[in-house]
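Student: I would like to learn how to read side-chain exposure and charged contacts from a set of coordinates. Could we work through an example together, step by step?

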Amino acid sequence: GLRREHSPSRAGLEAIEPFTLPSGRVIRKVSPLARWSTKEVWDYARAHQIPLLPLYARGYTSIGCEPCTSLPLDPLNPRSGRWQGQKLECGIHVQSRSE
């Protein structure tokens with residue numbers, strides 16, 4: 001899920017926010033992990049024995065769909081492997097703009 005810690009553009013993320021679809025319809029977007037840290041996510045997964053994708057063991061640090069996921073380019077930035085470092089968000093997380 002989306003988390004504030006992911007990037008500066010997500011720093012103000014709230015757990016429930018309005019989100020405008022391309023149709024113009026406004027829905028509520030829910031991000032229950034918005035305030036969680038990376039450590040809290042991994043601690044929770046361990047404590048609840050949640051199976052992890054094998055890609056984590058292969059060095060992937062941020063996993064999305066196949067075309068936008070690669071090994072991190074910058075070891076200090078876990079999300080640097082997303083979109084080969086070319087953009088911050090995929091289309092499902094970008095608000096629609098009225099023309």
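Tutor: In this predicted model, Arg4 is partly exposed, with a relative accessible area of 27%, a value that falls between the cut-offs of 20% for buried and 50% for exposed.

Student: Which residue forms a salt bridge with Arg4?

Tutor: The general idea is to look for a side-chain nitrogen of Lys or Arg within 4 Å of a carboxyl oxygen of Asp or Glu. Here Arg4 pairs with Glu14, and their closest N and O atoms are 3.3 Å apart. Both residues of this pair lie in the segment before E1, 10 residues apart, and Glu14, at 34% relative accessibility, is partly exposed.

Student: Which other side chain meets Glu14 in a salt bridge?

Tutor: Arg35 does, at 3.0 Å from N to O, and this contact connects the loop between E2 and H1 with the segment before E1, the two residues being 21 residues apart. Through shared partners, Arg4, Glu14 and Arg35 are joined into one network of salt bridges. Arg35 counts as exposed because its relative accessibility is 53%, which is over the 50% cut-off.

Student: Is Arg3 buried or exposed?

Tutor: Arg3 is buried, with a relative accessible area of 9%, yet Arg3 forms a salt bridge with Glu5, the closest N and O atoms lying 3.0 Å apart. Glu5 itself is partly exposed at 43%.

Student: How many salt bridges does a search of the whole structure find?

Tutor: The search finds 5, among them the pairs Arg4 with Glu14 and Glu5 with Arg3.

Note on methods:
Residues are numbered from 1 along each chain as its sequence is written. This is a predicted model: local features need pLDDT of at least 70, side-chain atom pairs count only at pLDDT 80 or more; totals for chains, interfaces and linings use all residues. Side-chain values use heavy atoms; hydrogens and water are left out. Buried means under 20% relative accessible area, exposed over 50%, partly exposed in between (1.4 Å probe, protein chains only). Helices (H or I, at least four residues) and strands (E, at least two) are DSSP runs, numbered from the N terminus.
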